[in-house]
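Student: Could you take me through one part of this structure in detail? I would like a close look, with the pieces joined into one account.

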Amino acid sequence: MVNKHLIPRKIDNKKLLEAFYKVPRHLYVPDRFRRFAYEDYPLDIGHGQTISQPYMVAYMLDLLNIENSDKVLEIGTGSGYQTAILAELAAEIYTVERIPELMITARNILDEQGYKNIYYRVGDGTKGWEKAYPPTQEFDKIVVSAASPSVPQSLINQLAERGLLVIPAGARRSQDLILIEKRNGETIETRHGGCTFVPLIGSEGWDAE
Ligand code: SAM
């Protein structure tokens, strides 16, 4: 998968590629789709949700330039695959998922894989790491894995100075990948191409259909 789908598409961050080599994607995919686990497309994980396309995970994390000292907030745990990649790269991962059944499945796999640097919360991730344990104010990096009509203000508020946030934002069925950097309390926004994600459902996202 790495040699066929990531390196030819200009993902060349060595640490990121190592994490992709290390994390077995088939563990995070339902049994009936395991034979497709190393293809470059999203797969159904139930509850109307998907495990993201590997290239898109790599592209988003490449934009974030994850450092090993980073505290990272992930919105949309889903299968837990991207959470595992993040846990290989950063110091602490705080992950939020709104569907409890998906969180239970993801957490079981991540626990079995021995990750000790992940904190979990079931709830509305548009509000970030709100009223969750351990209490934490700010994140160096924030990655949102579902599509929002706009960038939730709560997430901008929880981004550290010089921090980076990546989010698909736009219409419900097609979006732009947006990178936000916080500098001197202001946000600088750049756009990184079109994409299609499932909706981010919550008080600062979309209503459930
Ligand atoms: N990176 C994940 C993966 O590879 O498995 C992506 C999962 S999927 C594309 C997006 C996830 O975001 C879904 O599991 C969905 O339930 C979740 N989601 C949607 N709205 C949410 C919200 N407000 N808070 C937390 N999770 C949310």
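**A hairpin, then the ligand site**

Tutor: Happy to, and let's begin at one pair of residues: Asp176 has Gly194 of strand E9 as its bridge partner. Keep in mind throughout that this is a predicted model. That pair belongs to a wider arrangement, in which strand E8 (residues 175-183) and strand E9 (residues 186-195) run antiparallel and are joined by eight bridges. Two residues lie between the strands of this hairpin, and Asn184 there adopts a positive phi near 50°.

From the hairpin, let's move on to the ligand. Around the ligand there are 25 residues, and those that come nearest are Thr50, Ser79, Glu97, Gly125 and Ile201. Ser79 places a polar side-chain atom 2.7 Å from an oxygen atom of the ligand. The backbone takes part too: a polar backbone atom of Ser52 is 3.0 Å from a ligand oxygen atom, and a polar backbone atom of Ile201 is 2.6 Å from a ligand nitrogen atom. On its own the ligand would expose 600 Å², and the protein buries 100% of that. The space that the ligand takes is the largest pocket.

Which elements supply two or more residues to the shell around the ligand? They are strand E2 (49-51) and strand E4 (92-97), and E2 gives the most, with three residues. Sorted by class, the shell holds 12 polar, 10 nonpolar and three charged residues.

Key:
Residues are numbered from 1 along each chain as its sequence is written. This is a predicted model: local features need pLDDT of at least 70, side-chain atom pairs count only at pLDDT 80 or more; totals for chains, interfaces and linings use all residues. Side-chain values use heavy atoms; hydrogens and water are left out. A residue is near a molecule or strand if one of its heavy atoms lies within 4 Å of it. A polar contact is a pair of N or O atoms within 3.5 Å; within protein, one must be able to donate a hydrogen and the other to accept it, and residues adjacent in sequence count only if both atoms are side-chain atoms. Accessible areas come from the Shrake-Rupley method with a 1.4 Å probe; for residues, only the protein chains shown count as cover. On a 1 Å grid over the protein atoms alone, a cavity is a set of points where a 1.4 Å probe fits but cannot get out, and a pocket is an open set with protein on both sides within 12 Å along at least five of seven lines; lining residues have an atom within 4 Å of a point. A molecule sits in a cavity or pocket if more than half of its atoms lie within 2 Å of its grid points. Helices (H or I, at least four residues) and strands (E, at least two) are DSSP runs, numbered from the N terminus. Ala, Val, Leu, Ile, Met, Phe, Trp, Tyr, Cys and Pro count as nonpolar, Asp, Glu, Lys and Arg as charged, and the others, Gly among them, as polar. Two strands pair if DSSP finds at least two bridges between them.
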